[in-house]
Amino acid sequence: MLTSQEVAERDSPCKGESRPLYDAIVAAPGFALGLSCSATALTGIEFLEPCTPQAARSSLAAEAARQLEAWLADARFQFDLPLAPRGTPFQHRVWQQIAAIPLGETRSYGQLAQALGSAPRAVGGACGANPLPLIVPCHRVLAAHGGLGGFNRARGGYLLDVKRWLLTHETGPGH
């Protein structure tokens with residue numbers, strides 16, 4: 001009999017790594033996106049290392065995947081999905097500030113902290129906890145003096161390459 005770890009690895013769409021099951025996986029340039037949905041809303045988007053796309057398990061997941069693919073093709077695409085991010089009231093306030101950053105622009109953690117009457121480190125923590133990256137574009141938040149800062153609770157590795165790609169994607173030709 002297989003252990004739960006062995007089952008997760010066997011059923012994982014991501015290169016032999018144990019991954020939670022997603023409602024869909026969307027391929028992107030150099031990474032993938034794992035989508036989680038409730039019965040009525042998109043609840044999470046997780047950055048994954050490149051892996052095989054996974055067909056949607058529901059009509060909501062299919063629509064979320066379609067919209068993410070449209071955004072990956074054209075960063076001017078406007079999302080229209082029911083969202084249900086879980087977080088504290090402070091995190092929701094930070095995510096509202098992030099969602100208000102216009103396409104092609106960035107803000108620093110310090111600028112957001114000042115607008116919220118908070119500290120940059122607290123804003124960074126809320127950024128890292130963002131369950132809906134891309135839709136709530138936390139990649140638009142940079143360190144002081146334009147440094148990249150962290151991304152998705154990472155300070156290095158492929159996720160910083162993803163952040164660079166996302167910023168370039170939004171400021172590329174035609175944007």
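The protein's secondary structure comes to six helices and five strands, where helices (H or I, at least four residues) and strands (E, at least two) are DSSP runs numbered from the N terminus. This is a predicted model, in which local features need pLDDT of at least 70 and side-chain atom pairs count only at pLDDT 80 or more, while totals for chains, interfaces and linings use all residues. Residues are numbered from 1 along each chain as its sequence is written, and side-chain values use heavy atoms, with hydrogens and water left out.

Reading along the sequence gives the pattern α-β-β-β-α-α-β-α-α-β-α. Of the 175 residues in the protein, 43% are buried; buried stands for under 20% relative accessible area, exposed for over 50%, and partly exposed for what falls in between (1.4 Å probe, protein chains only). The accessible surface comes to about 9,000 Å², and carbon and sulfur atoms hold 53% of that, with areas taken from the Shrake-Rupley method with a 1.4 Å probe and, for residues, only the protein chains shown counting as cover. Among contacts (heavy atoms within 4.5 Å) with a separation of 6 or more, 56% link residues 24 or more positions apart.

Next comes the sheet. Three strands make up an open sheet in the order β1-β2-β3, with antiparallel pairing; two strands pair if DSSP finds at least two bridges between them. The edges belong to β1 (24-28) and β3, each with a single partner strand, so one side of each has no neighbour in the sheet. On average, neighbouring strands here are turned by 20° against each other, direction ignored. β1 is joined to β2 by five bridges, and one pairing puts alanine 27 opposite alanine 32 of β2. On the other side, six bridges tie strand β2 (residues 31-37) to β3, where alanine 32 has leucine 48 as its bridge partner. A hairpin of four residues links β2 to β3. As for strand β3 (residues 42-48), five of its seven residues are buried, so the rest of the structure largely encloses it.

Helices pack on this sheet too. α2 lies across β1, β2 and β3 and runs at about 150° to β2; such angles run from 0 to 180 degrees between N-to-C directions, and axes are lines fitted to C-alpha atoms, for helices over the stretch in contact. Helix α6 (residues 158-171) also packs on the sheet, where it touches β2 and β3, and its direction makes about 110° with that of β3. Alanine 73 is found in helix α2 (residues 59-73) and is exposed, at a relative accessible area of 67%. Its C-alpha atom is 9.5 Å from that of alanine 28, although the two residues are 45 apart along the chain.

Elsewhere, helix α4 (residues 109-116) packs against helix α5 (residues 120-128) at an angle of about 105°, with the axes 8 Å apart. The two are therefore roughly perpendicular, given that 65 to 115 degrees counts as roughly perpendicular, under 35 as roughly parallel, over 145 as roughly antiparallel and the rest as oblique. Tyr109, Gly110, Leu112, Ala113 and Leu116 of α4 make this contact with Pro120, Val123, Gly124 and Cys127 of α5. Finally, glutamine 91 sits in helix α3 (residues 89-99) and counts as buried at 17% relative accessibility. Leaving aside neighbours within four places in sequence, glutamine 91 is in contact with Ala126 and Ala129.
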